[in-house]
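Ready for a few exercises? Have a go at each one yourself, then check your steps against the worked solution.

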Amino acid sequence: MRSTTTGTARLTKAHKLTAAGITVAMGAAAVAMAVTPGQSAETPSIAVKPVAWTTTDLGAHHHIGNQSDKAAQQAKTDAAEAKKKADAAAKAKADKDRAEKQAASRSQARTPVKPAAPAKPAPAAPVKKAYADNLDGWIKESLDILKSKNIPASYEGIKRNVMRESTGNPRAINDWDINAANGVPSKGLLQIIDPTFKAYHVEGTSWDPYDPVANITASCNYAADKYGSMDNVNSAY
């Protein structure tokens with residue numbers, strides 16, 4: 001069909017397809033007639049059919065390639081996930097085994113600990129009883145010592161004899177009686193001579209015969225031995 005505007009012959013789509021077909025046919029004929037070196041001209045030629053490729057075929061090939069890549073990537077991802085889960089499970093098992101081993105070790109190593117006995121309070125220091133520094137205080141202190149030694153005596157019996165012997169003077173001394181003449185004068189509240197004081201001295205008291213408490217206590221010890229008690233003494237003894 002010719003163009004009405006330019007006067008130039010234009011090929012329609014149908015003409016183009018026809019021309020393409022002729023070209024392909026001519027190429028096939030040329031191949032059929034070609035003779036390779038050394039080949040007899042009489043050798044029959046092999047007919048080669050043209051291979052036609054379409055966009056549809058190329059698209060299908062591209063689609064298959066994409067699917068293959070996706071499958072490979074998914075397999076790699078699945079393998080990584082499976083390895084991650086396996087590692088986590090192995091770690092959890094190892095942690096559990098280690099914890100059980102440690103617990104067993106602690107239970108074997110430890111022995112029951114008995115509760116410590118409560119500490120006993122330290123005994124309180126004895127409080128020393130206070131006594132007045134006078135005749136009343138001296139008699140009371142002496143009576144407590146006599147009681148601890150099971151030596152009988154009474155407040156009244158002691159005071160009565162003290163007042164008769166020395167009138168309550170702890171430094172009193174008799175320098176005129178027979179004892180004084182013999183060089184052993186009577187001394188102190190209950191007028192006791194040194195040999196008797198030393199023989200009947202009570203442990204825990206002073207060794208000074210002029211000490212009021214020591215003098216009373218030794219004298220009462222002597223009177224208990226000779227008369228049963230200081231209460232039974234009503235004159236010189």
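**Exercise 1.** Work out whether Tyr237 is buried, partly exposed or exposed in this predicted model.

*Solution.* Start with the cut-offs: buried means under 20% relative accessible area, and exposed means over 50%. Tyr237 comes out at 22%, so it counts as partly exposed. Now try two other tyrosines. Tyr200 has a relative accessible area of 17%, which makes it buried. Tyr222 is buried too, at 15%.

**Exercise 2.** Find out how many aromatic pairs there are, and sort each one by its geometry.

*Solution.* Rings pair up if their centres lie within 6.5 Å, and the count comes to 2 aromatic pairs.

- Step one: take Tyr200 and Tyr222. Their ring centres are 5.3 Å apart and the planes sit at 75°, so this pair is edge-to-face. Tyr200 is in the loop between helix 6 (194–199) and helix 7 (212–227), while Tyr222 is in helix 7, so the pair ties together parts 22 residues apart in sequence.
- Step two: take Tyr222 and Tyr237. Here the centres are 6.0 Å apart and the planes are at 35°, so the pair is tilted. Tyr222 belongs to helix 7 and Tyr237 to the segment after helix 7, so this pair ties together parts 15 residues apart in sequence.
- Step three: put them together. Ring pairs link Tyr200, Tyr222 and Tyr237 into a cluster.

**Exercise 3.** Find the residue that lies over the face of Tyr210.

*Solution.* Look for a charge above the ring: that's Arg171, at 4.1 Å from the ring centre.

**Exercise 4.** Decide whether helix 7 is largely enclosed by the rest of the structure, and say what its buried residues pack against.

*Solution.* First, count: 12 of the 16 residues of helix 7 are buried, so the helix is largely enclosed by the rest of the structure. Among them are Pro212, Ile216, Cys220 and Tyr222. Next, look at the neighbours: the buried residues pack against helix 3 (135–148), helix 4 (155–166) and helix 6.

**Exercise 5.** Check the span of helix 7, then see what sits at its ends.

*Solution.* With 16 residues, helix 7 reaches 22 Å from its first C-alpha to its last, close to the 22 Å expected at 1.5 Å a residue. At the N-terminal end, Asp211 is the cap: one of its side-chain oxygens lies 3.3 Å from the backbone nitrogen of Val213. Just after the helix comes Gly228, with a positive phi of about 95°.

Technical notes. Residues are numbered from 1 along each chain as its sequence is written. This is a predicted model: local features need pLDDT of at least 70, side-chain atom pairs count only at pLDDT 80 or more; totals for chains, interfaces and linings use all residues. Side-chain values use heavy atoms; hydrogens and water are left out. Rings of Phe, Tyr and Trp (its six-membered ring) pair if their centres lie within 6.5 Å; planes under 30 degrees apart count as stacked, over 60 as edge-to-face and the rest as tilted. Helices (H or I, at least four residues) and strands (E, at least two) are DSSP runs, numbered from the N terminus. Buried means under 20% relative accessible area, exposed over 50%, partly exposed in between (1.4 Å probe, protein chains only). A charge sits over a ring if NZ of Lys or CZ of Arg is within 6 Å of the ring centre and within 35 degrees of the ring normal. The expected span of a helix is 1.5 Å times one less than its number of residues. Contact means heavy atoms within 4.5 Å. A polar contact is a pair of N or O atoms within 3.5 Å; within protein, one must be able to donate a hydrogen and the other to accept it, and residues adjacent in sequence count only if both atoms are side-chain atoms.
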